[in-house]
Amino acid sequence: MAWSGTAAVMALALAGMAGAGAATGHPGRVTELHCEGRETPLAVEEAHPRFSWTYGERTPLPHGTLEDEARVVVSHSAATAKAGKGEVWDSGWVKTNSLAMIYTGPALEQGSEYWWSVTTHNANGAPMTWSDPARFRIAEREWQGKWIQAPWSTIRDGAESDGGKPMPIFRREFALREKPVEAILRIAGLGQWEAQLDGSSTIAPSGLHQAWTSYRKTVTYSSYDLTAQLNAGHHALGVMLGNGMYNVQRSVMPNGKARYTKFEGSFGPPKMIAELRLRYSDGRTEVIASDTAWKAARGPVVFSSTYGGEDYDARKVQAGWSRAGFDDSSWAEVSIVAGPGGELRAEISPEMHEAQSYPPAKAKDLGPNTVLYDFGQNFSGRPRIRVQGPAGAVLKLTPSELLNPDGTPIQRSSGGPAWWTYTLKGTGVEEWEPQFDYYGFRYMQAEWSGTGAHIVNISAKRLTSDSPDTGTFASSSPMLNAIHKLIVSAMHNNEASLFTDCPHREKLGWLEETHLVAAGLNFNNNLEALFQATDKNMADAQRTDGMVPEIAPQYMVFDPKWDIFNDSPEWGSAAVLAPWAAYRFYGDARELARSYPTMQAYVKYLESKAHDGVVDYGLGDWYDIGPGNPGVSKLTTTGVTGTLMLYEDAVVMRKIASLLGHNEDAAAYTALSERTKAAFNRRFWDDKAGFYDKGSQAANAMPLALGVVPEERRAQVLAHIVADIHAHDDHVTTGEVSYPYLLRALMAAGRGDLLLTMTLRKDAPSYGSQLAAGATALTEAWDANPHASQDHFMLGAVEEWFYRGLGGIDIDMSRPDPAERITIRPDMVAGLNWINSSYKSTVGKIASSWKREGGITRMEVTIPTGVEATVVVPARKGEFVTASRTAKLLRKDGEARVYRLGSGTSTFSIRGAKA
């Protein structure tokens with residue numbers, strides 16, 4: 001489905017539906033400028049970029065400062081932008097309280113660099129000084145570079161030892177007569193790539209480059225500024241390729257044993273496209289493009305599989321191959337080939353980067369030449385080794401999440417056999433890490449073949465999306481803190497160029513998590529770009545009949561007899577619910593407009609699957625806790641979750657259609673939601689029993705949370721849920737689909753006490769049982785089943801309660817009243833003594849904390865400069881509330897007090913009845 005925008009969206013954005021991340025900065029002015037969500041983007045494809053900013057956490061502005069107007073200028077130089085001169089565009093003073101603005105000036109030129117600055121003032125103050133200017137660059141649409149590949153590359157060619165195929169390396173030498181004033185490299189390498197300039201691998205930060213997309217629809221490229229690294233003289237570019245998700249093949253070893261492969265599928269042999277665009281001081285331009293001037297050779301990576309691992313033979317390294325002056329006379333001329341068919345566009349998701357390094361926590365000898373390393377944490381990443389020994393010695397590294405009883409690694413939960421090998425060249429201390437693969441593991445067995453070699457040093461590096469951390473949560477309960485760490489670890493481990501289900505066995509973009517756990521994800525990281533990439537993947541994967549598959553990109557299509565894993569409403573509904581969840585956090589209505597056709601087509605498809613208004617197919621409440629092994633829903637009829645997905649989709653589509661100005665659509669979605677609600681109640685309510693469907697927690701919590709239960713039945717349904725929880729010894733029985741709705745239903749009912757009791761259970765099924773089993777990342781199954789993945793975030797919805805419930809930070813950029821977009825309403829649950837929480841929102845850092853001490857509960861709230869918020873202090877009957885003078889009392893909501901709060905830090909105290 002095509003992506004499209006609307007004029008109405010631009011108007012909404014101008015009126016205040018956008019934002020940026022928080023920052024520290026200079027006194028008295030705006031800080032941390034973002035264009036299209038990035039600090040200095042080198043390839044902006046949006047014709048009307050979004051500019052956003054914050055004031056910083058330490059900007060000394062008066063308490064309660066509220067941004068009233070903003071003015072943005074765009075210029076050709078930093079100096080003119082700094083001076084507030086809009087050579088290209090001057091917005092003039094625009095009414096805004098969103099800390100954002102959309103560019104509406106003349107068309108911006110492809111390949112051109114621009115600078116922008118912003119100033120603001122509040123209703124009672126003079127304008128601030130102009131911000132430090134920020135740079136952005138408009139992407140070129142045309143490419144001079146051609147797709148190239150090694151001339152010997154075919155899908156089934158050249159079986160080598162260990163069943164591998166040496167990966168190609170490419171080089172191009174060039175000379176510059178003078179230093180350029182701008183040098184921008186654009187590159188896409190399929191499946192994965194690493195680039196070097198003049199022998200250095202510093203072109204891109206160490207990580208995993210190239211987003212996983214539906215390559216026949218979309219191929220993303222990365223852009224790098226190499227200006228500082230290029231001078232007059234001779235230079236060389238070098239590129240190495242790996243297979244990644246682009247070329248997944250079954251690998252058979254000489255002994256007939258296959259390395260693990262989740263699926264087989266290839267878009268073609270590895271290939272690349274690149275161009276280095278140079279601009280000189282006199283205005284001349286030059287392009288060093290991928291073409292027949294490049295040469296190719298077989299590289300040292302002799303086996304590359306995103307599932308089975310990677311093998312590297314250092315004896316095959318050609319010293320200096322990416323430097324100028326290297327003798328490449330024996331190298332082959334590259335072949336110019338067609339690309340995979342997808343549109344080349346600037347990268348959407350942040351690249352994966354190395355976020356943390358782990359030294360071994362423990363090491364244990366397992367026998368001659370074999371050592372087991374325990375890194376103390378289950379994470380997604382790869383090893384880094386320094387070794388020494390004779391040429392030809394081979395170090396085999398086998399990662400795992402769990403161990404056999406004898407202490408050896410077992411890959412039952414993570415997919416195996418998979419391993420990495422390094423063959424020494426025999427020249428001093430050698431350093432290496434896999435380049436095109438990563439795995440989820442805690443343990444690693446290092447085993448030598450041959451003698452005389454040893455490990456000098458070994459460590460492991462965590463790979464994750466380069467998406468900024470945004471949230472902090474801590475409580476007086478060590479167990480809640482451990483659960484929080486458990487979940488966030490799994491989230492980080494599965495944030496790649498898409499949201500993966502696990503970082504080893506599948507690495508696939510199963511979609512249900514993107515809406516079910518969206519709140520927890522977004523509280524902990526700024527994932528706006530990663531959600532945008534997911535939206536594009538869903539649009540590319542959508543079928544002509546509107547169906548959105550459960551996996552996007554849909555690398556793996558199941559046999560028709562297993563079609564239940566291709567199409568399920570709880571997964572496909574991510575096409576509607578994930579973009580909406582992201583909008584509520586980030587407020588960019590343009591993304592909703594781009595995704596709107598995809599959403600419309602999916603809801604139409606799902607409605608066509610209904611019979612008498614009931615959608616009864618799919619996986620249902622996946623992994624619920626019923627009889628037998630977990631899997632397809634056992635306690636709840638599939639029609640419950642399927643029908644409620646259609647209902648929720650219709651409700652959300654009404655909101656989106658109204659927001660975008662599609663009033664006729666909004667009316668139609670309102671009617672659809674009402675019909676679906678009536679059909680659900682007609683089909684699943686058991687009036688005699690007083691509950692829905694079979695009475696499961698899922699069947700009753702979902703309609704209660706979604707507002708499907710008629711008002712006169714709500715108390716009855718809630719009572720049944722509570723009774724069922726107690727009947728299961730305060731344990732959850734829901735699967736991953738209904739668990740977030742159970743949390744929301746209990747939160748809305750004020751039953752944080754029950755949520756705390758359930759969350760603190762230590763016996764299975766519970767988070768506590770996972771901790772007791774030694775888990776260091778959230779596991780796939782409630783009971784930490786060792787046959788299932790030990791690194792899944794699908795059961796991590798309790799993060800929403802930690803932040804929105806206990807911390808009280810409730811952000812929703814869809815609320816029409818700007819002062820209610822940030823609402824603080826903590827649940828001060830008995831059994832907890834204090835909570836500290838914070839979130840770096842689109843408009844700055846929000847903090848909420850409370851503490852009980854000496855009969856007084858003290859609450860502290862921090863609101864970012866430039867905005868207002870609503871604070872609800874949860875007092876009870878007979879309690880007295882005192883507040884900072886800066887807090888304006890609006891009303892009493894029962895016994896609770898509701899305040900309007902400006903920027904800065906305010907405090908509240910809740911005391912018992914006076915004597």
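**Exercise 1. Arg384 and its partner**

Find the class of Arg384: at 24% relative accessibility, is Arg384 buried, exposed or partly exposed?

Solution, step by step. Please keep in mind throughout that the model is predicted.
- Buried means under 20% relative accessible area and exposed means over 50%, with partly exposed in between. With its 24%, Arg384 therefore counts as partly exposed.
- Next, look for a partner: Arg384 and Glu431 meet through their side chains in a salt bridge, at 2.7 Å from N to O.
- Now place both ends. Glu431 sits in strand S35 (residues 430–432) and Arg384 in strand S30 (residues 370–388), so the salt bridge links distant parts of the chain, 47 residues apart.
- Glu431 has a relative accessibility of 45%, and therefore also counts as partly exposed.

**Exercise 2. Salt bridges across the chain**

Count first, then look at single pairs: how many salt bridges are there?

Solution, step by step.
- The cut-off is a side-chain nitrogen of Lys or Arg within 4 Å of a carboxyl oxygen of Asp or Glu. Applying it gives 52 salt bridges.
- One of them joins Arg50 to Glu528, where the closest N and O atoms are 3.1 Å apart. Arg50 belongs to strand S2 (residues 50–54) and Glu528 to helix H6 (residues 528–541), so this pair ties together parts of the chain that are 478 residues apart in sequence. Arg50 and Glu528 are both buried.
- Another salt bridge connects Glu780 with Arg505, with 3.4 Å between the closest N and O atoms. Here both residues are in loops: Glu780 between helix H16 (767–772) and helix H17 (798–806), Arg505 between helix H3 (478–493) and helix H4 (513–516). They are 275 residues apart. Both Glu780 and Arg505 are buried.
- Some residues join into a network of salt bridges, among them Glu113, Arg135, Arg137 and Glu140.

**Exercise 3. Strand S7 and its neighbours**

Judge the surroundings of one strand: how many of the 10 residues of strand S7 (residues 113–122) are buried?

Solution, step by step.
- Eight of the 10 are buried, so S7 is largely enclosed by the rest of the structure.
- Strand S3 (residues 67–75) runs antiparallel to S7, and eight bridges join the two. Along this pairing, His121 of S7 has Glu69 opposite.
- S7 is also joined to strand S8 (residues 134–137), again antiparallel, by four bridges. Trp115 has Arg135 of S8 as its bridge partner.
- Arg135 has appeared before, as a member of the salt-bridge network.

**Exercise 4. Edges of two open sheets**

Start with the sheet of six strands: which strands stand at the edges?

Solution, step by step.
- Read the order, S38-S43-S44-S45-S50-S47, with antiparallel pairing. The edges are strand S38 (471–475) and strand S47 (880–883); each has a single partner strand, so one side of each has no neighbour in the sheet.
- From one strand to the next, the twist averages 10°.
- Inside the sheet, S44 (residues 844–853) and S45 (residues 856–863) form an antiparallel pair with seven bridges. Arg852 faces Thr857 of S45 there.
- Now try the open sheet of five strands, also antiparallel, in the order S12-S15-S10-S22-S25. Its edge strands are S12 (192–197) and S25 (332–333), each of which pairs on one side only.
- S25 pairs with S22 (residues 295–298) in the antiparallel sense over two bridges, and Lys295 stands opposite Glu333 of S25.

**Exercise 5. Two helices in contact**

Describe the crossing: how are H14 and H15 oriented to each other?

Solution, step by step.
- The axes of helix H14 (residues 739–748) and helix H15 (residues 752–759) come within 8 Å and cross at roughly 140°.
- Only angles over 145 degrees count as roughly antiparallel; H14 and H15 are therefore oblique to each other.
- H14 brings Leu742, Leu743, Leu746 and Met747 to the contact, while H15 brings Gly752, Leu754, Leu755 and Met758.
- Sorted by class, the contact has seven nonpolar residues, one polar and no charged ones.

**Exercise 6. A loop serine**

Locate Ser568 and list its contacts: where does Ser568 lie?

Solution, step by step.
- Ser568 is in the loop between H6 and helix H7 (569–572).
- Its relative accessible area is 0%, so Ser568 is buried.
- Setting aside neighbours within four places in sequence, Ser568 is in contact with Glu550, Tyr602, Tyr617, Gly618, Leu619 and Gly620.

Key. Residues numbered from 1 in each chain as written. Predicted model: local features only at pLDDT ≥ 70, side-chain atom pairs only at ≥ 80, totals over all residues. Heavy atoms only, no water. Buried < 20%, exposed > 50% of the residue type's maximum accessible area, 1.4 Å probe, protein only. Pairing = 2+ DSSP bridges. Axes fitted to C-alpha atoms, helices over the stretch in contact; angles between N-to-C directions. Parallel < 35°, antiparallel > 145°, perpendicular 65-115°, else oblique. Contact = heavy atoms within 4.5 Å. Nonpolar A, V, L, I, M, F, W, Y, C, P; charged D, E, K, R; others polar.
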